[in-house]
Amino acid sequence: MKILGIEASGLVASVAVTEDDILRGEFTINNRLTHSQTLLPMLKSMLDILGEDVCGMDAIAVSAGPGSFTGLRIGAATAKGLALAADIPIIKVSSLEALMYELSSDRADIICPIMDARRGQVYCGAWKNLEPVISERACSVDKLIEELSKTEENIIFSGDGVPVHKEYIKKRFESKKNQIYFADSTNNRQRAAAVAALGLKKYSDRLQKKEFDDTLMNSDDFVPEYLRKPQAEREKDSGLLEDAGARSLRKIANGVKNQI
Amino acid sequence: MKEDIYILGIESSCDETAAAVVKNGREVLSNIISSQIDIHTIYGGVVPEIASRLHVQNINGVIRLALKEAKKSFEDIDAIAVTYGPGLVGALLVGVSEAKALSYALKKPLVGVHHIEGHVAANFIEHRELEPPFVCLIVSGGHTHLVIVKDYGSFEIIGRSCDDAAGEAYDKVARAVGLGYPGGPKVDKLAREGNPHAVEFPRGEVKNSPYDFTFSGLKSAVLNYINHANMTGESIDKADLCASFQNAVVESLVERTIACAKEFGFETVAMAGGVSANSGLRAAMEEACRREGFKCCYPAPGLCTDNAAMIAAAGYYEFMKGNISDEYLNAVPNLKLGER
């Protein structure tokens, strides 16, 4: 079974083809956020070299989020276009779980991928023996550390949140009994090979039977998993949304008052 | 005999997710639009992040429906045309990424289309006999341009707005009057009941640029008028206000367009963009053209607002010229008219 993996949730742009338990090819770039200019050219040259065609794939596994909203959408729209043209389903894979999966044979007890979510938060989750122990969320690093230090197990961190918070995490764990590690460059960032492998592992049975659900789906139904609402929606929900008309009128009223 | 050419058009530059199939650049076989307007109305304007999310959600369904309605399959399509600018970057990226992926997987040529060139091309759908050169007034929420369409996809800009776009002025005035979003159609409707000479608002002139437009002074005059009335407790006749505002906008648009056609010796005047659906503008332009003996063209209202049929039509002429895009095509949010 051949799976095309697509990963564009962060700075990394990555595409891969996995055939059963063999990685046939992977093209990964960690440069700048220009996925709209890197992702498809990379895919094209990888498949050309492999002598493969999108239509020969059984499914497309997509890193669905959380992550950069724009990156997620470029990955999603690319996958949706490919899947629509090739008439194959999409497998929705969590970006965090795929990051975890890269480290699944690590000696640490708990694997904790963290992605920089700005505004003082990280997108994070934690897994032990491939089972989630902390569900995926956007929260402060303090909250995450609080949760993690409820156990005394060894923890390995990975993801683009590490360079931002590494020193702080080290300091906070100094007084704790957990041993902590940080993944190195071979597996501390997103990779499409992990997305494809995880997609295949989770859904190969159902893929054969074409049993669709909310993770194995028709490409029409696929949307990224943002974990966060748009800012305007949050403001509306909290009653902060102010009508722009009222705002411009008030500005002019102030101007008129100043003239008088 | 030459074979027919079918173009699949994709448009996602603002708040409409759209796909269409057009035959030979002129005949619309399908034109599907998934409008988000109800959602953005809650916020009083387009929220880019929400628009982008909805594009991703709806795009495949819209494309599938466009093919189904045209009774065509991907195999029948000769090229895929997509808007790559100008517009909201996050929104554009969805259509561009989707179109590139389709083009690559289907092994069909990709054609990047300028959104405004699409608006102009809507006239080729509406008026099958229309051919360049002609003068075209492009008026929308983001653009106010007076251009000479020299050839398909070839423009000379004669005038432009140096501040607000005409549609933007409509939206701002509508909000101030309390009509809400989108402002254009609402102001237009109310203006029909009012006296266009009730309030004499200023017609903006741009020094030394007879064909350029300015609407910020007019907009401020309207807002000041409302504010003054509010402060002194006078009541405002909203219909009169809208009619007077619209009259000022329409007059400056029509005057410059006709003067341009006269000076450069064209007898065909076209209009394009969302504001060209405005009934006041249409009536005034028709009347002015009739007086001068010019031919007046504009698309049906459904083709004035954002749609993918116009993108397919513009894409057809680019395709025929051999202007094909590659897999590096990117969204260009501030793409200028005439740029590639």
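**Exercise 1. State how many helices and strands chain A holds, and describe its overall build.**

Step 1. Chain A has eight helices and eleven strands, where helices (H or I, at least four residues) and strands (E, at least two) are DSSP runs, numbered from the N terminus. This is a predicted model, in which local features need pLDDT of at least 70 and side-chain atom pairs count only at pLDDT 80 or more, while totals for chains, interfaces and linings use all residues. Residues are numbered from 1 along each chain as its sequence is written, and chains are lettered from A and ligands numbered from 1 in the order in which they are written.

Step 2. Taken along the principal axes, the C-alpha atoms of chain A fill a box of roughly 75 × 55 × 35 Å.

Step 3. Of the 260 residues in chain A, 43% are buried; a residue is buried if 20 or more other C-beta atoms lie within 10 Å of its own, exposed if 12 or fewer, and partly exposed in between, with C-beta atoms placed from the backbone.

Step 4. For confidence, use the pLDDT, which is the predictor's confidence in each residue, from 0 to 100: chain A averages 91, and 92% of the residues score at least 70. Over residues 255–260 of chain A, however, the pLDDT is below 50, and this stretch has one contact in the model beyond near neighbours in sequence. Two residues are in contact if their C-beta atoms, placed from the backbone, lie within 7 Å.

**Exercise 2. Describe the side of chain A that touches chain B.**

Step 1. Count the residues: 38 residues of chain A are in contact with 39 residues of chain B.

Step 2. Find the elements: α1 (35–50), α2 (69–86), α7 (231–237) and α8 (244–259) of chain A each supply at least two residues of this side, and the largest share, 13 residues, comes from α2(A).

Step 3. Sort by class: the side of chain A that touches chain B has 22 nonpolar, nine polar and seven charged residues. Here Ala, Val, Leu, Ile, Met, Phe, Trp, Tyr, Cys and Pro count as nonpolar, Asp, Glu, Lys and Arg as charged, and the others, Gly among them, as polar.

**Exercise 3. Compare the expected span of helix α3 of chain B with the distance between its end C-alpha atoms.**

Step 1. The expected span of a helix is 1.5 Å times one less than its number of residues, so the 18 residues of α3 (residues 89–106) of chain B should span 26 Å.

Step 2. The end C-alpha atoms of α3(B) are 25 Å apart, which agrees.

Step 3. Because 17 of the 18 residues of α3(B) are buried, this helix is largely enclosed by the rest of the structure. After α3(B) comes B:K107, whose phi is positive, near 60°.

**Exercise 4. Place B:L337 in the structure and name the residues that it touches.**

Step 1. B:L337 is found in the segment after α11 of chain B.

Step 2. With 18 other C-beta atoms within 10 Å, B:L337 is partly exposed.

Step 3. Not counting residues up to four places away in sequence, B:L337 touches B:H114, B:I116, B:H145, B:V147, B:F155 and B:I157. Although B:L337 and B:H145 are 192 residues apart along the chain, their C-alpha atoms are separated by 9.2 Å.
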